[in-house]
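Here are my comments on the model you sent. They are set out as numbered points, for reading beside the coordinates.

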Amino acid sequence: MSSNHGKAEIDVEIKAPATKFHEMLTHRPHHISNVSSNNIQGCDLHEGEWGTVGSVVYWNYFHDGKAKVSKQLIEAIDAEKNLITFKVIEGDLLEHYKSFKITIHATPKALGQGSIVHCTMEYEKHHGDIEDPHTLLQFVVDVSKDVDAHLTSAQA
């Protein structure tokens with residue numbers, strides 16, 4: 001694997017059940033802008049249906065001090081594992097990366113209530129001078145915590 005290929009991962013502890021977190025991300029991502037408006041300005045469906053593999057969603061988001069966009073293909077959904085994979089097909093990320101994939105997997109905690117949200121980003125940079133997407137991992141943490149706060153306060 002060349003140095004331009006990379007993988008970044010992070011875990012976020014949340015209080016909400018894994019199923020509810022996954023359901024929001026998969027079937028209601030257009031509601032995330034309501035609960036994490038500092039980070040996500042909107043999510044529109046461009047092709048297909050919410051929550052189905054092969055659908056294309058278009059995100060407007062604010063990251064590293066700039067308004068950005070990302071068009072993503074829903075590549076995989078596993079309802080039993082509370083897992084979803086997005087493949088970036090257009091947008092700001094592709095200025096720096098040839099390919100970029102984001103997998104978000106929510107797992108119930110072994111003990112007690114709550115879940116662990118595991119985010120994996122797999123990518124190939126255009127060249128070696130491009131930084132790894134660590135600030136994007138922090139972005140996912142922030143959005144996950146906002147979604148969690150919404151799910152646990154409203155018991156949505």
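The points below take the enclosed space first, then the open pocket, the strands, the rings and two threonines.

1. Status. This is a predicted model. Every value below is computed from it, so treat each one as a property of the prediction.

2. The cavity. How many cavities of 30 Å³ or more does the structure hold? There is one. The largest cavity has about 330 Å³ of space. Its lining takes in 20 residues, and those closest to the centre are Ile40, Trp59, Ile102, Phe139 and Val140.

3. Who builds the cavity wall. Two or more lining residues come from each of α1 (18-27), β3 (56-63), β4 (66-78), β6 (97-108) and α3 (134-154). Helix α3 gives the most, with six residues. By class, the lining of this cavity counts 17 nonpolar and three polar residues. Charged residues are absent from the cavity lining.

4. The pocket. The largest pocket holds about 340 Å³ of space. Its lining has 16 residues; closest to the centre are His63, Asp64, Lys68, His96 and Tyr97. Elements β3, β4 and α3 each supply two or more residues to the pocket lining. Which classes line the pocket? Six residues are nonpolar, three are polar and seven are charged. Set that beside the cavity, whose lining has no charged residues.

5. Hairpin β3-β4. These strands run antiparallel and are joined by eight bridges. His63 has Lys66 in β4 as its bridge partner. Two residues lie between the strands, and one residue in this hairpin, Asp64, takes a positive phi near 55°. His63 and Asp64 also appear among the residues closest to the centre of the largest pocket. Please look at the backbone and the pocket together here.

6. Hairpin β4-β5. Eight bridges join β4 to β5, again in an antiparallel arrangement. Gln72 is partnered by Val88 in β5. This hairpin has four residues between its strands. Asn82, in the turn, has a positive phi of about 55°.

7. Aromatic pairs. The count comes to five. One of the pairs is Phe100 with Tyr123: their ring centres are 5.8 Å apart and their planes meet at 20°. Planes under 30 degrees apart count as stacked, so this pair is stacked. Phe100 sits in strand β6 and Tyr123 in strand β7 (residues 115-125). The two are 23 residues apart, so the pair links distant parts of the chain. Both Phe100 and Tyr123 are buried. Ring pairs also bring in Tyr97, making a cluster of Tyr97, Phe100 and Tyr123. Tyr97 is also among the residues closest to the pocket centre.

8. Thr85. Is this residue buried or exposed? Its relative accessible area is 8%. The cut-off for buried is under 20%, so Thr85 is buried. Thr85 belongs to strand β5 (residues 83-91). Beyond neighbours within four places in sequence, Thr85 contacts Leu73, Ile74, Glu75, Ala76, Lys101, Ile102 and Thr103. One of these contacts, Ile102, is also among the residues closest to the cavity centre.

9. Thr26. This residue lies in helix α1. Its relative accessibility is 2%, so Thr26 counts as buried. Leaving out neighbours within four places in sequence, Thr26 is in contact with Trp50, Gly51, Ile77 and Ile84. Its helix, α1, is one of the elements that give two or more residues to the cavity lining.

Technical notes:
Residues are numbered from 1 along each chain as its sequence is written. This is a predicted model: local features need pLDDT of at least 70, side-chain atom pairs count only at pLDDT 80 or more; totals for chains, interfaces and linings use all residues. Side-chain values use heavy atoms; hydrogens and water are left out. On a 1 Å grid over the protein atoms alone, a cavity is a set of points where a 1.4 Å probe fits but cannot get out, and a pocket is an open set with protein on both sides within 12 Å along at least five of seven lines; lining residues have an atom within 4 Å of a point. Grid points are joined across faces, edges and corners, and a volume is the space filled by probe spheres set on the points. Ala, Val, Leu, Ile, Met, Phe, Trp, Tyr, Cys and Pro count as nonpolar, Asp, Glu, Lys and Arg as charged, and the others, Gly among them, as polar. Buried means under 20% relative accessible area, exposed over 50%, partly exposed in between (1.4 Å probe, protein chains only). Contact means heavy atoms within 4.5 Å. Rings of Phe, Tyr and Trp (its six-membered ring) pair if their centres lie within 6.5 Å; planes under 30 degrees apart count as stacked, over 60 as edge-to-face and the rest as tilted. Two strands pair if DSSP finds at least two bridges between them.
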